[in-house]
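Colleague: I would like to go through the two ligand sites and hear what each label rests on.
Modeller: Here is the model, and then we can take the contacts one by one.

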Amino acid sequence: MKNVLFATSESVPFIKTGGLADVAGSLPKCFPKDKYDVRVIMPKYLCMKQEYLDQLSYKSHFYMDFNWKNQYVGILEMVHDGITFYFIDNEEYFHGSTPYGNIRADVEKFAFFSKALLSALPLIGFRPDIVHCHDWQTGLVPVYLKERFQGDEFFRGIKSVMTIHNLKFQGVWDVKTIKSITGLSDYFFTPDKLEAYKDSNYLKGGIVYADAITTVSNTYAEEIKTPFYGEGLDGLLRARSNSLRGIVNGIDYHEYNPSTDAYIVQKYDATNFRKEKVKNKRAMQEEFNLDQDDKKFMIGIVSRLTDQKGFDLIAYIMDELCQEDIQIVVLGTGEEKYENMFRHFDWKYGNKVAANIYYSEALSHKIYAAADAFLMPSLFEPCGLSQLMSLRYGTVPIVRETGGLKDTVIPYNEYEGTGTGFSFSNYNAHEMLGTIRYAKHIFNTKKREWNKLIDRAMEADFSWNVSAKKYAEMYDWLIG
Ligand code: ADP
Ligand code: GLC
């Protein structure tokens, strides 16, 4: 039996701010249980859903030297869907109304989490062969593991994996403060280790010290070795390219299933979507006071409203787009300028635009089911899960060819009758608009072709099966 522990700052169903939570909560379920025991450790946030907080059971606690104090570390546990989750408890660090707040507090919070989770291992009765770390919040785990804990018999030989879900966020703060918080010596704060551009950088530490590095698509694995996508770490990633691989994300095919989804008005599948899917669109038009018309081309957006996702392109052509015979349903939160941009167009074109500036699991599923097309013109996209959810619901993605979007959406070719979506290559607003118009043209004038696109989209398999095997191969390779 191989033991793997996922160290993550978020996971469904407990807490989610983005795709990382989906991955951390769904991937562990997809390994053969007779060979791999995959468990998850995360903070116990007070802002977690109450129904889950109520179900956690106390396992143990201890006190740990951290940031010049002796600090309480509680360990709680819960088994969900056959997977054991451990939770690190410390109310001083994890009391906020969201998992992340200001970066100064966060670098301390996640240094605490990283050291605490390693210190907790001897008490939980589970010795991992591999600690699989996700994003900068757990970047210090490979560092602590290699240098601090390896002197101890229990920890000797434990390997670490660092998965980059988003290179943009690295956990950067000044060296002096981080040295003091973490207790790591001067030795670590040099440009070949934790230091980058004079500051301390958690993700860099993880990348330098992990035994293997992965990211969430092949294209992104290549892109991050270039200055444009490398966020200042491309040199390091080129240097470590032998240890870096891309493994594309999957999604939970039970959770996201149009034939069983309890959130949507009308269930459907690959055989009856021609008749049934549109009922979800009608319900949505009614709910949001949009024109009641099956022929309107409905574009869905479910996203964090940030520059990463290409919203400056959308903002640039939004007025032009609204002159078209289309409907846009948006669900998202994020940068105020984009929130207000959508509110403005909702006010200006109420029969065409529905702006929902909040977080809602239920509405996200409804949009994946109701829309004809799903727009995701990202500037960069490590993998992207929303386009996979759209494919699963037969909602045709319109994407920019970058990162995981390029790897998962096959562009429509009207001559060969192939493809699962529409895509454009340059980060250019009118190239995007042209692609949206082309998709709308196919929708309006070639219904049979459009339906065949949906056939192919729904046939595509982005369950975890294939990718979980690739992680398993990597684990085998690491621990023999
Ligand atoms: P990222 O992790 O960069 O935000 P992904 O496409 O990997 O992008 O994952 C985003 C996840 O968050 C998807 O499951 C998507 O449905 C969900 N999501 C984003 N915004 C919202 C929202 N406002 N309400 C509900 N779900 C959302
Ligand atoms: C990050 C990326 C997204 C990816 C997700 C899960 O949030 O922005 O592209 O799908 O992590 O790996």
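**Ligand contacts and their labels**

Modeller: In this predicted model, an N or O atom in the side chain of Asn249 lies 2.8 Å from an oxygen atom of ligand 2.

Colleague: Why is the pair formed by Asn249 and ligand 2 called a polar contact?

Modeller: A polar contact needs N or O atoms within 3.5 Å. The Asn249 pair is at 2.8 Å, so the label applies. The side chain of Gln308 also qualifies, because its N or O atom is 3.1 Å from an oxygen atom of ligand 2. Gly384 uses a backbone N or O atom, 2.8 Å from an oxygen atom of the ligand. The protein buries 93% of the 310 Å² that ligand 2 exposes when taken alone.

Colleague: Which element gives the most to the shell around ligand 2?

Modeller: H1, with 3 residues. The shell divides into 6 nonpolar, 6 polar and 2 charged residues.

Colleague: What makes the pair of Arg304 and ligand 1 a polar contact?

Modeller: A polar side-chain atom of Arg304 is 2.7 Å from an oxygen atom of ligand 1. The limit is 3.5 Å, so the pair counts. For Ser360, a polar backbone atom lies 3.0 Å from a nitrogen atom of ligand 1, and that pair therefore counts too.

Colleague: How much of ligand 1 does the protein cover?

Modeller: It covers 92% of the 570 Å² of accessible area that ligand 1 has on its own.

Colleague: Where does ligand 1 sit?

Modeller: Ligand 1 is in the largest pocket. That wording is used because more than half of its atoms lie within 2 Å of the pocket's grid points.

How values were computed
Residues numbered from 1 in each chain as written. Chains lettered and ligands numbered in written order. Predicted model: local features only at pLDDT ≥ 70, side-chain atom pairs only at ≥ 80, totals over all residues. Heavy atoms only, no water. Polar contact = N/O pair within 3.5 Å; in protein donor to acceptor, adjacent residues only side chain to side chain. Areas by Shrake-Rupley, 256 points an atom, 1.4 Å probe, with all protein chains shown as cover. 1 Å grid on protein atoms, 1.4 Å probe; cavity = no way out; pocket = protein on both sides within 12 Å on 5 of 7 lines; lining within 4 Å. Helix = DSSP H or I, 4+ residues; strand = E, 2+ residues; numbered from the N terminus. Nonpolar A, V, L, I, M, F, W, Y, C, P; charged D, E, K, R; others polar.
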